[in-house]
Amino acid sequence: MQYKVRELNLVHTWTISRGSDDVKHNVFVRFEKDGVFGIGEAAPSVRYNETPESTIETIQKAEPLFEKYDPWHFVDLGYAVKNLVPEQTAAKCALDIAVFDWITKKLQIPLHKYFGLDKTKTPFTTFSIGIDTPEKMQQKIREAKEYPKLKIKVGTGNDEEIIKAVREATDKPLCVDANEGWKTKQEALEKIKWLESMNVEFIEQPLPAALLAETRWLRERINIPIVADEAVKNAANIPPLAPAYDGINIKLMKSGGIQEALRMIGMARSLGMKIMLGCMVESSCAITAAAHISPLVDWADLDGNLLISNDPFKGVTVQKGKLILPEAPGLGIEGEF
Ligand code: MG
């Protein structure tokens with residue numbers, strides 16, 4: 001197993017309710033066996049107590065499992081990795097993606113085909129407009145003219161100003177993400193009642209993840225679907241959320257990879273919930289992995305690779321907002337590890 005940290009530069013300073021970044025450090029893994037290699041990526045998140053260092057430590061701990069288990073027995077291998085240490089799902093995700101890249105390269109089929117998915121059924125992806133001055137946000141909106149839907153981050157105290165600036169520049173449908181930025185149910189209710197008149201398709205994580213009863217209270221009083229993001233990482237988290245949220249945002253970095261994402265999709269569907277597939281700031285490696293399972297979901301927000309200026313890989317592309325999957329075997333990405 002090889003691994004390396006890469007510095008990914010953001011096109012624009014990336015601001016959400018928790019803070020700002022100009023650069024991200026993601027960890028890439030390369031697993032080689034029998035003349036074929038698979039590549040995976042981890043985007044460590046401070047929200048989940050992850051750093052590049054903790055990610056590498058987890059990968060090092062997992063390395064012996066790749067000697068012990070046959071990668072074709074990826075289910076056993078996946079559970080062994082999952083149970084190795086608590087959390088550290090970004091590291092686990094990198095390993096899971098690398099295994100699936102390897103398996104489907106061995107089989108000489110693209111990843112989506114392995115799961116029986118129709119590549120024409122990929123959803124449209126939203127494009128995220130980071131928090132900025134009204135002028136800069138309007139500039140970003142003009143740059144995103146190809147995308148039929150935009151995702152707007154709020155929750156930093158000047159929400160009205162932000163949404164007004166957006167609405168001066170575009171009348172496209174918006175998905176609004178508060179990233180736990182509203183602190184009370186009354187504040188969230190007031191904001192959402194106002195957003196209801198602004199052509200908003202759904203609202204993501206309006207309240208802190210821990211405020212489940214408050215979110216349920218909120219849901220009973222509004223007419224926009226609420227999607228859980230920070231409140232949900234894996235399948236086991238989903239049942240208690242069903243009364244409070246209309247849908248969930250699955251991210252491979254939170255779930256620990258594709259296998260747990262598929263379990264989450266099954267769980268959410270059985271509870272009648274909507275499913276969104278989102279991302280962190282990731283290169284085309286992890287974004288393409290997620291895009292391969294996107295025919296299974298209702299909404300996609302897979303734009304993390306479009307926010308960086310030095311993407312080391314090429315994979316999934318976007319045409320007029322729709323995700324276009326590569327046809328080459330495995331993830332189908334091009335680029336040097
Ligand atoms: Mg979110």
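Student: Which residue in β2 is the bridge partner of arginine 6?
Tutor: This is a predicted model, in which local features need pLDDT of at least 70 and side-chain atom pairs count only at pLDDT 80 or more, while totals for chains, interfaces and linings use all residues. Residues are numbered from 1 along each chain as its sequence is written, and side-chain values use heavy atoms, leaving out hydrogens and water. Strand β2 (residues 19–33) runs antiparallel to β1 and is joined to it by 11 bridges. In β2, arginine 6 has as its bridge partner asparagine 26.

Student: Which strands stand at the edges of the open sheet of three strands?
Tutor: Strands are DSSP runs of E with at least two residues, and helices are runs of H or I with at least four, both numbered from the N terminus. Two strands pair if DSSP finds at least two bridges between them; here the order is β1-β2-β3, with antiparallel pairing. An edge strand has a single partner, so one side of it is left without a neighbour in the sheet, and this holds for β1 (2–16) and β3 (36–42).

Student: What angle does the direction of helix α3 make with that of β3?
Tutor: Helix α3 (residues 89–106) packs on the sheet and touches β2 and β3, where contact means heavy atoms within 4.5 Å. Axes are lines fitted to C-alpha atoms, for helices over the stretch in contact, and angles between N-to-C directions run from 0 to 180 degrees. For α3 and β3 the angle is about 155°.

Student: What are the edge strands of the sheet of eight strands?
Tutor: This open sheet has the order β4-β5-β6-β7-β8-β9-β10-β11, with parallel pairing. Inside it, four bridges join β5 (residues 150–153) to β6, and lysine 151 has cysteine 175 in β6 as its bridge partner. The strands that pair on one side only are β4 (127–129) and β11 (299–300).

Student: Which residues coordinate the magnesium ion?
Tutor: Donors are N, O and S atoms within 2.8 Å of the metal (3.2 Å for Na, K and Ca), and water is not among the atoms, so sites may look incomplete. The donors follow the spacing D-x26-E-x24-D along the chain. Of the pair 27 residues apart, aspartate 177 is in β6 (residues 174–177) and glutamate 204 in β7 (residues 200–204). At 2.1 to 2.3 Å, the ion is coordinated by Asp177 (OD), Glu204 (OE) and Asp229 (OD).

Student: Is glutamate 180 buried or exposed?
Tutor: Glutamate 180 is placed in the loop between β6 and α7 (185–195). Beyond its neighbours within four places in sequence, its contacts include Arg18, Arg47 and Glu230. Buried means under 20% relative accessible area, exposed over 50% and partly exposed in between, with a 1.4 Å probe and protein chains only. At a relative accessible area of 10%, glutamate 180 is therefore buried.

Student: Is glutamate 334 buried or exposed?
Tutor: Glutamate 334 is found in the segment after β13 (322–324). Leaving aside neighbours within four places in sequence, glutamate 334 is in contact with Pro312, Phe313 and Lys314. Its relative accessible area is 54%, so glutamate 334 is exposed.

Student: What area do domain 1 and domain 2 bury between them?
Tutor: The bounds, from an automatic or database domain assignment, are 2–109 for domain 1 and 113–324 for domain 2. In the contacts, 42 residues of domain 1 meet 45 residues of domain 2. Buried area is the accessible area (1.4 Å probe) that two parts lose on being put together, summed over both. With 62% of it on carbon and sulfur atoms, the area is about 3500 Å².
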